[in-house]
Structures are given as C-alpha cells and as structure tokens.
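Here are my notes on the model, set out as numbered points to be read with the coordinates open.

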Amino acid sequence: MTAERLPHLEWPFLEDHHRSLARELDAWAATHAAHIHSDDVDNDCRTLVRALGQAGWLRHAVAGTHNGGATNTLDTRTLCLIRETLARHNGLADFAFAMQGLGSGAISLAGSPEQQARYLPRVARGEAISAFALSEPEAGSDVAAMACAARLDGDHYVLDGEKTWISNGGIADIYVVFARTGEAPGSRGISAFIVEAGTPGFDIAERIDVIAPHPLARLRFSNCRIPVAQRIGAAGEGFKVAMRTLDVFRTSVAAAALGFGRRALDEALHRATTRRMFGQVLADFQLTQSKLAQMATTIDGAALLTYRAAWQRDQGRNVTREAAMAKMAATEGAQTVIDAAVQLWGGLGVVSEQPVERLYREIRSLRIYEGATEVQQIIIARELLKDVREGQPA
C-alpha cells in the first residue's frame, strides 16, 4: 500500500508539508529500506542508521536546526508519519529511526548547548547511534524502584548498577542513562547522564535475543566515572526528563503499530484476491469480507486516535490521556489485524520470513515497551478520574 493510497494523509490533522514528506519517504523506503533483512541484525541496524542519516530523515529525530535538526522543536506528526511509513516497509528501519530519536531525546529536550552541539549533529547524520537506558531488572514500568545509583565524587559521578532491555545496547555510541542520585525519595531523586561507549567501568553484560531481532542488551556499571558536565539538566530532574522524552515518542509507537497493521491489511487483501478456493477467490466469501472490514475499521479508528494525539501535542497541549489511548488502541488493534492476516494466509502465514510472519513477531513487543497496555489503561483511568474530581467533563 503506497502513500498515494492512504486517505488519512488528507485528514485535517496534517499539513501539506507532512503529506509531501510521507510520500517522499514512502518512495525512498521502498528502494533503500524494504529489502534489508539478514542474519546480522547489528550490521543491518548500522546500515539503516547510516542510510537514514545520509538521506536526511534522521534530521527529524533531533531538535534544533543549529544542531542538525530539521526544525527547532520535535514535530510529533512528522515523527508519527516517518515511523508509520518505515514500519510499513521494514520493522528494523522503524526501530533504527525511533531509537535515534528516543536515545537522544533527552539531549534534545534538556541538554546543555554544549551537549547538544557535541552529540546531536552526529546523531542526525547517522554517524553516532544512541540509546535510552531507563529500565532495570526490577524497575520497568515502576521507574521509582530504580536501583542503579550515581554517587557524586568531586567533579565526577560514580555509577554502579545495571540496566536491561536496552535497545541498541551493544552497538550504541551514546547512552542516556538514568540513575538514582538521592536528592529526594522515589522519582524525585533520579538524574540523567550521557555515557559514551567505551567508558571505563561500563560494560555490555549480556546481549538479549528477542522474537523480532534487534540490538538489545543488559548494561552493567561498576565504579564508572562520569564528569558532572555529562549530567543532563539539574540533579534530581532525571525522572522529569525521562517522562518528557517518553511523552514525545509514545504517540509515535502507536504510529509504528499503524504501519505494521496497514502492511498486514495490504498483505491480507493481496492474499484474499489471489488465493483460489472452491472455484472462487478467498475474497468472495462473506466471512473473508467481514474479517477485512473489521481489520480496516480497527486501523482507521487507531489512526484517528494517533493523529489526534500527535496534532494536540504539536499545538502545545497536554496529551497524557490521548497518547495513552492512541498507544493502547493502535498496538492492541494492530496485533488483532496481523493475527487475522496470518489466518488468511493459512499455512504460508507461519512460514519463517514471510511478511505476515515477520509482522506477527514485530508487533508483539510494541504492546509492552514504552508503557505496557495495562499501564496505559491505568493512565487513562487516572486522567478520567482526575477530571471528575476536579469537576471537569470527561
């Protein structure tokens, strides 16, 4: 399904420059990204980062034109369109783009001018790979349970502890690491730091294999000394920095799920209109037509929520509830759509490396990372109840 056949590009949430970008990227990805699949996922990821950087797409993942960014502030609708388009062509291409943005997002949002000038241009050009190191073995959704600590020692911090489930772990050049610095209890005593690969005391403890292969690792810090100048923002402000970063990119996770869902629908339509059975094609059966209708409706409903949230954030509005709704609806909906596509493909749907089989593996993690579906439900309910208690309409 090409960008020309996506009617949501004409929705009023988007502007003409968004539409042009989506069409241009669609053509680029079909040539430069769609066919990069090999057994060497690290090399594939590096190749995609370089290609995205050289083509100028990574400029949209960082903020500040003086730092190599396309605009001075991150545009959520642009992030969503890029992720949706790349995901439709190649899940690893979407991952490569998203992690350049998420991994450097804290620097874009809260980094000092010196930090931004040092790191962001390299990220935008695809010359440096970035990573976002927040999760720990016992602190995933519950960030306040963080155990990794940073102790101030003169003009350095000393980091000790572990991080896990870190995307780009093992291949990143720049890691934004969150650690407890103890200014206050809970989430108010966390700070953010930039740690470069190769820093003494920083090791890749374990590479983690997952069902949709991408670079993933457990990190270990042991007496790792980081200059105070590498702290992002003020001491104790790390949790706020992390949440600001996630707020920008959470809606784009929904967009990636849309890309996967749209590709699955496209594959299902192809199968339904070409697979002959009992003297007719699969699409002639009412059961097939019903399934296709449900798939298309699920995707459009999720798309409306996604681009509503993206548009609202670009207007400067709070989108805590809207982003949670978008992520939940899009990821859960895409899982349902992809499962239906696998069913329509029959036995071929579970053959390794078939498009729908890859999609089946790709979508599963999106229901977990950057806030599992259950966490999104808590957020939505909390926001609804807060409005009621404050006397505002839900």
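Which residues of helix 7 are buried?

1. The model is a predicted one, and the answer to the question above is a set spread along helix 7: T288, L292, M295, I299, A302, A303, T306, Y307, A309, A310 and Q312 are its buried residues. Helix 7 covers residues 286-314, and its 29 residues reach 42 Å from the first C-alpha to the last, close to the 42 Å expected at 1.5 Å a residue. Just after helix 7 comes G316, which takes a positive phi of about 85°.

2. As for what these buried residues meet, they pack against helix 3 (76-89), helix 6 and helix 8 (320-345). M295, one of the buried residues of helix 7, gives a detailed view: leaving aside neighbours within four places in sequence, M295 is in contact with A264, L265, A268, V337, A340, A341 and L344.

3. M295 also appears in the largest nonpolar core, which has 117 residues and in which W28, L86, L159, F178, F221 and M295 are those with the most contacts. Helix 6, which spans residues 238-274, supplies the largest share of this core, namely 16 residues.

4. Within helix 6, G259 deserves a separate look. G259 counts as buried because its relative accessibility is 0%, and, apart from residues within four places in sequence, G259 is in contact with E84, A87 and R88. G259 can also be placed relative to I299, a buried residue of helix 7: the two are 40 residues apart along the chain, and their C-alpha atoms are separated by 9.4 Å.

5. Turning to the strands, strand 2 (residues 149-153) and strand 3 run antiparallel and are joined by five bridges. D153 has H156 of strand 3 as its bridge partner, and the hairpin of these strands has two residues between them, with G154 taking a positive phi near 70°.

6. Strand 3 (residues 156-167) is in turn joined to strand 7 by nine bridges, again with the two running antiparallel. The bridge partners in strand 7 include I226 for Y157 and R220 for E162. Strand 7 also pairs with strand 6 (residues 202-207), in the antiparallel sense and over five bridges, where I204 has L219 as its bridge partner.

7. A side-chain link accompanies this pairing, since R218 lies in strand 7, which covers residues 216-227, and the side chains of R218 and E162 are joined by a polar contact of 2.8 Å. Not counting residues up to four places away in sequence, R218 touches E162, K163, T164, D203, I204, A205, E206 and I208.

8. The count of aromatic pairs comes to six. In one of them, the rings of Y175 and F202 have their centres 4.9 Å apart and their planes at 80°, so the pair is edge-to-face. Because Y175 lies in strand 4 (residues 174-180) and F202 in strand 6, the pair ties together parts that are 27 residues apart in sequence. Both Y175 and F202 are buried, and together with F221 they form one aromatic cluster. F221 is also among the residues with the most contacts inside the largest nonpolar core.

Terms used: Residues numbered from 1 in each chain as written. Heavy atoms only, no water. Core = buried A, V, L, I, M, F, W, Y, C linked by side-chain atoms within 4.5 Å. Buried < 20%, exposed > 50% of the residue type's maximum accessible area, 1.4 Å probe, protein only. Helix = DSSP H or I, 4+ residues; strand = E, 2+ residues; numbered from the N terminus. Contact = heavy atoms within 4.5 Å. Polar contact = N/O pair within 3.5 Å; in protein donor to acceptor, adjacent residues only side chain to side chain. Pairing = 2+ DSSP bridges. Expected span 1.5 Å × (residues − 1). Phe/Tyr/Trp six-rings, centres within 6.5 Å; stacked < 30°, edge-to-face > 60°.
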